[in-house]
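Here is a short tour for anyone meeting this structure for the first time. Keep the 3D view open and follow along.

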Amino acid sequence: QAVDVHNSASAWSKALLDNAARPSGAIVYRSSDGQGTMASDQYERLLSEMENHHQGARNAGRPMLLEGGLDWKPMGFSPSDMEFQKTKEAAGREIAMAFGVPPMLIGIPGDATYANYQEANRAFFRLTVLPLVNRVVAAVSDWISDYAGHGMLLKPDLDQLTALAPEREAQWRRIGEATFLSDPEKRSLLGLPVLDLKINE
């Protein structure tokens, strides 16, 4: 349902742009005798000029030349038109949340869950991307183990994810500054292999 709302709002916004973003303006015709009816050829000519010279993004802001008896009456956007953009943003926020994507990452304003873009991006990887990656890797590991005839375990290399670099740097700094840990213990906590150093006496 949120997808349908978002698509409808996008179609509405596109229609506003195609109409030079003036949905409620009107050209009023008053002849010299006070009549408000144009001849058929005059109406078709005016309609053609409006479509060719004053609609669409290419013609945005172009001055309008009105002949005698014609007057432009701008009406602006109604409150319902202004609310349509908010409806689109609300639908987009629901879609993003359904897929586990922080709305901040796709440019939807008004979301204050995370302090900045970096935190939102890190949460996206931790809460959405990595669980999916782990599920895929586990399935591939099982398939390879059955095919090879012995157990195999695949793991994603988190050190290659730039989004998690701040967490990794903080962890390395915290463990490196721990004076009560030996070097082998530090390497073990960081997931590094223990070095087998032999000192020749």
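## Starting point: Arg-122

Let's begin with one residue: Arg-122 counts as buried, because its relative accessibility is 18% and the cut-off for buried is under 20%. Keep in mind as you look around that this is a predicted model.

You'll find Arg-122 in helix α4, which runs over residues 117-148. What does Arg-122 touch, once its neighbours within four places in sequence are set aside? The answer is Ala-163, Leu-164, Pro-166 and Glu-167.

## The whole chain

Now zoom out. The protein chain has 6 helices and 2 strands, and reading along the sequence gives the pattern α-β-α-β-α-α-α-α.

How much of the chain is tucked away? Of its 201 residues, 19% count as buried. The chain exposes about 15,000 Å², and carbon and sulfur atoms supply 56% of that area. As for contacts with a separation of 6 or more, 47% of them join residues that are 24 or more positions apart.

## The nonpolar core

In soluble globular proteins, nonpolar side chains tend to be buried together. Here, the largest nonpolar core has 9 residues: Ala-96, Val-101, Leu-105, Ala-120, Phe-124, Phe-125, Leu-130, Ala-163 and Leu-164. Helix α4 gives the largest share of this core, with 4 residues.

Leu-105 is a handy core member to click on. Leaving out residues up to four places away in sequence, Leu-105 touches Tyr-117, Ala-120, Asn-121 and Phe-124.

Another core member to try is Phe-125, which lies in helix α4. With residues up to four places away in sequence not counted, Phe-125 is in touch with Leu-130, Pro-131, Leu-161, Ala-163 and Leu-164. Take Phe-125 and Ala-163: they are 38 residues apart along the chain, and 7.3 Å separates their C-alpha atoms.

## A glycine in a loop

Gly-100 sits in the loop between α3 (79-98) and α4. Is this glycine buried, exposed or something in between? With a relative accessibility of 29%, Gly-100 counts as partly exposed.

Which residues does Gly-100 touch, not counting those up to four places away in sequence? They are Phe-124 and Thr-128. Gly-100 and Thr-128 are 28 residues apart along the chain, with their C-alpha atoms separated by 5.6 Å.

## Two aromatic pairs

The structure holds 2 aromatic pairs. One of them joins Phe-124 and Phe-125 in an edge-to-face arrangement, at 5.8 Å centre to centre and with 75 degrees between the planes. Both of these residues belong to the largest nonpolar core.

Trp-143 and Tyr-147 also pair up, and their pair is stacked because the ring planes are at 10 degrees, where under 30 degrees counts as stacked. Their ring centres are 5.7 Å apart. Why are Trp-143 and Tyr-147 separated by about one helical turn? It's because they are 4 residues apart in helix α4.

Buried or exposed, what are Trp-143 and Tyr-147? Trp-143 is exposed, as its relative accessible area is 58%. Tyr-147 counts as exposed too, with a relative accessibility of 70%. The cut-off for exposed is over 50%.

## The two sides of helix α5

Further along the chain, helix α5 covers residues 165-176 and has 12 residues. From its first C-alpha to its last, α5 reaches 16 Å, close to the 16 Å expected at 1.5 Å a residue.

Which residues of α5 are buried? They are Ala-165, Arg-168 and Ile-175. Looking down the axis of α5, you'd see its buried residues fall within an arc of 105 degrees, so they line one face of the helix. On the other side of α5, Glu-169 and Arg-174 are exposed.

What do the buried residues of α5 pack against? Their partner is α6 (183-189).

Note on methods: Residues numbered from 1 in each chain as written. Predicted model: local features only at pLDDT ≥ 70, side-chain atom pairs only at ≥ 80, totals over all residues. Heavy atoms only, no water. Buried < 20%, exposed > 50% of the residue type's maximum accessible area, 1.4 Å probe, protein only. Contact = heavy atoms within 4.5 Å. Core = buried A, V, L, I, M, F, W, Y, C linked by side-chain atoms within 4.5 Å. Areas by Shrake-Rupley, 256 points an atom, 1.4 Å probe, with all protein chains shown as cover. Phe/Tyr/Trp six-rings, centres within 6.5 Å; stacked < 30°, edge-to-face > 60°. Expected span 1.5 Å × (residues − 1). Arc of directions from axis to C-beta.
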